[in-house]
Protein chains: 2
Amino acid sequence: MDDLTARARIRDSAIDAFAATGFDATVRQIAARAGVSAGLITHHFGSKDALRLECDAEVLRRILELKVDTIRMSPTQAVGRIAELDQYGSTFGYTLRSVREGGEVGRVFLRGMIDDAREYVGAAEASGMIRPSGDPEARLELLVTQSIGGMLLQLNLQGITDFSNGAELIQIVSNSTSFVLLELYTQGLLTDSSILDAYVEQVAGASTEPTATTTGSNK
Amino acid sequence: MDDLTARARIRDSAIDAFAATGFDATVRQIAARAGVSAGLITHHFGSKDALRLECDAEVLRRILELKVDTIRMSPTQAVGRIAELDQYGSTFGYTLRSVREGGEVGRVFLRGMIDDAREYVGAAEASGMIRPSGDPEARLELLVTQSIGGMLLQLNLQGITDFSNGAELIQIVSNSTSFVLLELYTQGLLTDSSILDAYVEQVAGASTEPTATTTGSNK
DNA sequence: CGAGTGGCTATACGTGTGTATAGCATTCTA
DNA sequence: TAGAATGCTATACACACGTATAGCCACTCG
């Protein structure tokens, strides 16, 4: 841990601090965490913004590095794999924080998850595991944003503000979510397609009509 | 608009500013927005935190005031009604911001939405519109957190940072979401219940086993 | 051995923030 | 009409933050 060059140690401490307390963590706090004077941060990175950019780059690099080769079922579970492989570091917490505040890392991460889901869902669709959609791309966005966004709000509801332990976050959320999520994915929510049909009919006259194939009710 | 007492005007301007640029909006920015000196804010409210608390209270009061009497289908749509009734003010944007950062208003709002959903879903379930769940309470939390959380992330993906126009936010999200959301709710995602079954079996030995009724695959 | 170089600290500076203070004007009241 | 209270402004203060500066210490290389 201490064999790292001080520069890298500062960077990692910054990632930890940002994950733990948010992006308004102080330069002095980061310095203390790294066991280093505050001035050294300026000396190495020039400015706090530059440090933040380097943290972004490092986190993105780590995410790409452990690029999920085997995408599991739900995005939530895929995310679980990330936190797992990260050896419970704060990479995932940093990413969550960035997603929450609309940062660069967050957008890239979400786009990446959507891309991954596209492949997996496409394959599962071809093999008959997953039902086709009238708007596949929008469905991918929905699945990913709802999974990650729902996760963030579950954490809020439980009063969790420290994002440094990624694995813990995953576990908390999946404990209270996995079952009903799978249930929703397998049985849906509505007993018939009347509401969907009504919606499709309502927007039928619009210029940009979705290529909606009304699916019959599922028994 | 100007017939309001200056105190109320400051409060409303603060709500606007918080919705538009976030909770780190400056006292001086708020003062400028209200057409008032910065000192007057201290004079009336004592501190910025106290002002924030009063904003929270006011927003909660407004939300309760237009208490959704007719809950529509999805939480997203119920939320749409709120922004509508608010005459496109920034109450909803303030609420979203609070939800995002885990504030008091946000938690109360989410709890309220879950309570509302409990009533509506219960009724719809009794009338056969909505399928029963093996864990109804967890499903309510899932539906609400995923809807609102997904909305926030959709906004992030589209680069929207100004939350002052609540109706606009709703429209943007529902445009790209409504169809696939209804589709997911009516047809589900998976073609059979094998994954759900496997999950249920896996957690069968645990101490806290969910009262899971494995539902058969929907044709 | 001695000068230079790079990693690092201690201190200081400027700025923006929330807040306190003093004073002014206007309006209500006796 | 005099006086006081109230609503408000202008200015100043304290503090925390990011950042710049000067210097120290150790190590290296000629």
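These are my notebook entries on a predicted model of two protein chains and two DNA strands.

**Conventions.** I took residue numbers from 1 along each chain as its sequence is written, with chains lettered from A and ligands numbered from 1 in the order in which they are written. Since the model is predicted, I kept local features only at pLDDT of at least 70 and side-chain atom pairs only at pLDDT 80 or more, whereas totals for chains, interfaces and linings use all residues.

**Chain A overall.** I looked up the secondary structure of chain A and found ten helices and zero strands, where helices (H or I, at least four residues) and strands (E, at least two) are DSSP runs numbered from the N terminus. Of its 219 residues, 41% count as buried, the term requiring 20 or more other C-beta atoms within 10 Å of the residue's own, with 12 or fewer for exposed, partly exposed in between, and C-beta atoms placed from the backbone. Among contacts in chain A between residues at least 6 apart in sequence, 62% join residues at least 24 apart; a contact needs C-beta atoms, placed from the backbone, within 7 Å.

**Helix pair within chain A.** I then checked α1 (residues 6–21) against α6 (residues 91–101) of chain A, and their axes lie 8 Å apart at an angle of about 55°. That angle makes α1(A) oblique to α6(A), given that under 35 degrees counts as roughly parallel, over 145 as roughly antiparallel, 65 to 115 as roughly perpendicular and the rest as oblique. On the α1(A) side the contact is made by Ile15(A), Phe18(A) and Ala19(A), and on the α6(A) side by Gly93(A), Tyr94(A) and Arg97(A). I sorted these residues into four nonpolar, one polar and one charged, with Ala, Val, Leu, Ile, Met, Phe, Trp, Tyr, Cys and Pro as nonpolar, Asp, Glu, Lys and Arg as charged, and the others, Gly among them, as polar.

**Between the protein chains.** The contact between the chains takes 53 residues from chain B and 53 residues from chain A. On the side of chain B that touches chain A, α8(B) gives the most, with 13 residues, and by class that side has 24 nonpolar, 22 polar and seven charged residues. For one helix pair across the chains, I found that the axes of α8 (residues 136–157) of chain A and α7(B) come within 10 Å and cross at roughly 105°, and the two helices are therefore roughly perpendicular to each other. There Leu153(A), Asn156(A) and Leu157(A) meet Gly106(B), Arg107(B) and Leu110(B).

**Around the DNA.** Near DNA strand C I listed 16 residues, of which Ala6(A), Ser37(A), Gly39(A), Ser47(B) and Lys48(B) come nearest; a residue is near if its C-beta atom, placed from the backbone, lies within 6 Å of the strand. α3(A) gives the most to this surface, with four residues, and the surface divides into six nonpolar, seven polar and three charged residues. DNA strand D is surrounded by 15 residues, the closest being Val27(A), Ser47(A), Ala6(B), Ser37(B) and Gly39(B). The elements that give two or more residues there are α2 (27–34), α3 and α4 (48–65) of chain A together with α3 of chain B, and I counted five nonpolar, seven polar and three charged residues on that surface.

**One residue of chain B.** Finally I looked up Gln29(B), which lies in helix α2 of chain B and is partly exposed, with 16 other C-beta atoms within 10 Å. Its C-alpha atom is separated by 9.3 Å from that of Ser13(B), 16 residues apart along the chain.

Terms used. Axes are lines fitted to C-alpha atoms, for helices over the stretch in contact, and angles run from 0 to 180 degrees between N-to-C directions.
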